[in-house]
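Grab a pencil and work through these exercises one at a time. Try each task yourself before you read its solution.

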Amino acid sequence: MTEIKIAITDNEIASCWEAISVLRPMLKRENFVSQIQDLQKEGYHLLYIQEKDKKTVAIAGYRIYTMLYCGKMLYLDDLSTLEEYRGKGYASQLLNHLKAIALENNCVSIQLDSGPTRTTAHKLYFKEDFTISAYHFHKKIE
């Protein structure tokens, strides 16, 4: 099993850039570390997996909070693996690690949103026993 680490230092956070930019191409590299640090102040945690050469190949960003409709949950904001490293089980390892974190924190569920075109990710979520339980609506405020 590959070691799963938590990104805390600037260098650890910066090492996650390539993996997260695959999922979030709208982000800018020059703002990335400070954006993660701002999220961390709000309870966000960034996990990562590195290959033997110290290249970060997969990440998971999450937070834990409670909502009236579902109770305490672990919300998975971000899950991404570099394309050339997909199929090696990194995402499943991260999901299993997140399940352990959720249980340690007395969460009743793990929840996430996924874009409708991300069918490969959906296959993974179904394989990992996730179900579709809601529509997610949003409205831009201008």
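Two strands count as paired if DSSP finds at least two bridges between them. Keep in mind that this model is predicted.

**Exercise 1. Find the pairing partners of strand β4 (residues 71-81), and say in which sense each one pairs.**

Solution.
- Step 1: Start with strand β3 (residues 56-67), which pairs with β4 in the antiparallel sense over 10 bridges. One of the pairs to look for is Tyr 65 with its bridge partner Met 73 in β4.
- Step 2: Look at the link from β3 to β4, which is a hairpin of 3 residues.
- Step 3: Now go to strand β5 (residues 109-112), which pairs with β4 in the parallel sense over 4 bridges. Here Leu 74 has Ile 110 in β5 as its bridge partner.
- Step 4: Check how covered β4 is: 9 of its 11 residues are buried, so this strand is largely enclosed by the rest of the structure.

**Exercise 2. Work out whether the end-to-end distance of helix α4 agrees with its 15 residues.**

Solution.
- Step 1: Place the helix: α4 (residues 90-104) makes a right-handed β-α-β unit with β4 and β5.
- Step 2: Use 1.5 Å a residue, counting one less than the number of residues. For the 15 residues of α4 that gives an expected span of 21 Å.
- Step 3: Compare: the end C-alpha atoms of α4 are 21 Å apart, which agrees.
- Step 4: Peek past the helix, where you'll meet Asn 106 with a positive phi, near 60°.

**Exercise 3. Which element gives the largest share of the largest nonpolar core?**

Solution.
- Step 1: Pick out the core, which has 37 residues; Leu 47, Leu 79, Leu 94 and Leu 98 touch the most other members.
- Step 2: List the elements that give two or more residues to this core: α2 (17-23), α3 (29-41), β2, β3, β4, α4 and α5.
- Step 3: The largest share, 7 residues, comes from α4.
- Step 4: Zoom in on Leu 98: leaving aside neighbours within four places in sequence, it is in contact with Leu 47, Ala 60, Tyr 62, Leu 74, Leu 76 and Ile 110.

**Exercise 4. How many disulfides does a search of the whole structure find?**

Solution.
- Step 1: Recall that a disulfide is a covalent bond between the sulfur atoms of two cysteines.
- Step 2: The search comes back with 0 disulfides.
- Step 3: Take Cys 107 as a check: its nearest cysteine sulfur, that of Cys 70, is 9.5 Å away, while the cut-off is within 2.5 Å.
- Step 4: Finish with burial: Cys 107 is buried, at a relative accessible area of 11%, and Cys 16 is buried at 0%.

Terms used: Residues are numbered from 1 along each chain as its sequence is written. This is a predicted model: local features need pLDDT of at least 70, side-chain atom pairs count only at pLDDT 80 or more; totals for chains, interfaces and linings use all residues. Side-chain values use heavy atoms; hydrogens and water are left out. Buried means under 20% relative accessible area, exposed over 50%, partly exposed in between (1.4 Å probe, protein chains only). A crossover is right-handed if, with the strands pointing away from the viewer, the path from the first strand over the helix to the second runs clockwise. A nonpolar core is a set of buried Ala, Val, Leu, Ile, Met, Phe, Trp, Tyr and Cys residues joined through side-chain atoms within 4.5 Å. Contact means heavy atoms within 4.5 Å.
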